[in-house]
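Got the structure open in your viewer? Keep one hand on the selection tool, and let's walk through it stop by stop.

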Amino acid sequence: RTALMQSGVDVARTLNDPQAAADYEIARLQLDVPPDAFAALCALLEEWYERGRDQGLAFDATVAVHLAEHTLAHARTADHRGIALNDLGTALATFGERETGTTRLDAAVTAYTEALKEHSRDRAPLQWARAQMNLGNTLLILGKREPGTALLDAAVAAYTEALKERTRDRVPLQWAATQMNLGNALKVLGEREPGTARLDEAVAAYAEALKEYTRDRVPLNWATTQNNLANVEIAFFDKTTDPTHLAAARAYVLAAREVFVAAGAVYYVEVTDNILAHITARETP
């Protein structure tokens, strides 16, 4: 029966029917564990989600969304509902980021907002902070696509809330990740708003992240932060035309590139080269 269910998943993939694939996967799971085994459902969802995320497979990402919806339907406690809503939001946001429309991203915002109701700050502070972080990430994606600053301001607010529980002492790397994303939101705001106050705040957030994202400890995170600092310096130049900002940007990028090359991170080397091209274009009269 297990082989039959796996065959059904394979046929569903051939027919591009993600709902059927999810149904077969759930049926296969129920052969070995009770239908309300929440942890097993979450593990199955994670498997499909990671494959869709890492390999860019729309079919697998859609199956993950259907599995997340099923997991939510079988959640029996507030903790389980919070976890399921957060997982649903993550699956929707990852898929939605690759699409031109905002339907799935909007649905992800709704899922995270509902997760915050289940995982209150008082009862589950780190889960609450995780949902705030994910909400901020999705609002940032939406904010980049739409004019104005309302969604970006909301993203900054969500990250700021997350930092109330994601403290450096408690979860240092999660604290640094939140500081990094806060910097990203502030940088986009700084590009859209007059003056350079938001860009200064972005630099401060990245500086905080680097307190834990050290080159020795997490070199790729450190290098990504260097790239982000370079992008802020480019934004400073665009507002001030001060060439010292381009010089600083180039120094950040070259330091990052050295790390990415050593790690064989080809994709990130290309990202770094693109930033260098932006710098060169601005240096050319």
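**Stop 1: two rings to start with**

Select W48 and F59 and look at where they sit: both residues are buried. Before you go on, bear in mind that this is a predicted model. If you scan the whole structure for aromatic pairs, you end up with three. W48 and F59 make one such pair, and the pair counts as tilted, with 6.4 Å from centre to centre and 55 degrees between the planes. Now colour the helices. W48 belongs to helix α3, which covers residues 38-55, while F59 belongs to helix α4, residues 58-73. Eleven residues separate the two, and the pair links distant parts of the chain.

Leave W48 on screen and add R51. What does the charged end of R51 sit over? It is the ring of W48, and the charged end lies 4.5 Å from the centre of that ring.

**Stop 2: another aromatic spot**

If you wonder how to describe such pairs, the distance of the centres and the angle of the planes do the job for two aromatic rings. Back at W48 and F59, that angle is 55 degrees and the pair is tilted. For contrast, jump to F260 and Y268: their ring centres are 5.3 Å apart and their planes meet at 20 degrees, so this pair is stacked. The cut-off behind that word is an angle under 30 degrees.

Are F260 and Y268 buried or exposed? F260 has a relative accessible area of 0%, so F260 is buried. Y268 comes out at 39%, so Y268 is partly exposed. Add Y267 to your selection as well, and you have one aromatic cluster made of F260, Y267 and Y268.

**Stop 3: zoom out**

Switch to cartoon view for a moment. How many helices and strands are there? The protein has 13 helices and zero strands. Following the sequence from start to end, you meet α after α, with no other element in the pattern. Measured out along the principal axes, the C-alpha atoms fill a box of roughly 70 × 45 × 40 Å.

Try colouring by burial next: of the 285 residues, 47% are buried. Of the contacts with a separation of 6 or more, 60% are between residues 24 or more positions apart. With the surface turned on, you are looking at about 13600 Å² of exposed area, and carbon and sulfur atoms supply 54% of it. Colour by charge, too, and you'll find 29 positive and 39 negative side chains, with the centres of the two sets 1 Å apart.

**Stop 4: inside the helices**

Select T71 in helix α4. Its relative accessible area is 1%, so T71 is buried. Show its contacts beyond four places in sequence, and you get F38, L41, C42, L45 and A84.

Next comes E118, in helix α6, residues 103-118. Draw a distance from its C-alpha atom to that of W128: the two residues are ten apart along the chain, and the line should read 8.5 Å. Leaving out neighbours within four places, E118 is in contact with A78, R81, G82, L85 and R123.

Then pick G190 in helix α9, residues 172-192. With a relative accessible area of 2%, under the 20% cut-off, G190 counts as buried. G190 and D200 are ten residues apart in sequence, and their C-alpha atoms are 8.4 Å apart. The contacts of G190 beyond four places in sequence are G195, R198, L199 and K239.

**Stop 5: two loops with a twist**

Most residues other than glycine have a negative phi. So which sign does phi of N16 have? It is positive, near 55 degrees. N16 lies in the loop between α1 (2-14) and α2 (18-30), and its 57% relative accessibility makes N16 exposed.

T241 is your last selection. This residue is not a glycine either, and its phi is positive at about 60 degrees. Look for T241 in the loop between α11 (219-240) and α12 (243-263). At 56% relative accessibility, over the 50% cut-off, T241 counts as exposed.

Note on methods. Residues numbered from 1 in each chain as written. Predicted model: local features only at pLDDT ≥ 70, side-chain atom pairs only at ≥ 80, totals over all residues. Heavy atoms only, no water. Helix = DSSP H or I, 4+ residues; strand = E, 2+ residues; numbered from the N terminus. Buried < 20%, exposed > 50% of the residue type's maximum accessible area, 1.4 Å probe, protein only. Contact = heavy atoms within 4.5 Å. Areas by Shrake-Rupley, 256 points an atom, 1.4 Å probe, with all protein chains shown as cover. Lys, Arg positive; Asp, Glu negative; His and termini not counted. Charge placed at Lys NZ, Arg CZ, Asp CG, Glu CD. Phe/Tyr/Trp six-rings, centres within 6.5 Å; stacked < 30°, edge-to-face > 60°. Lys NZ or Arg CZ within 6 Å of the ring centre and 35° of its normal.
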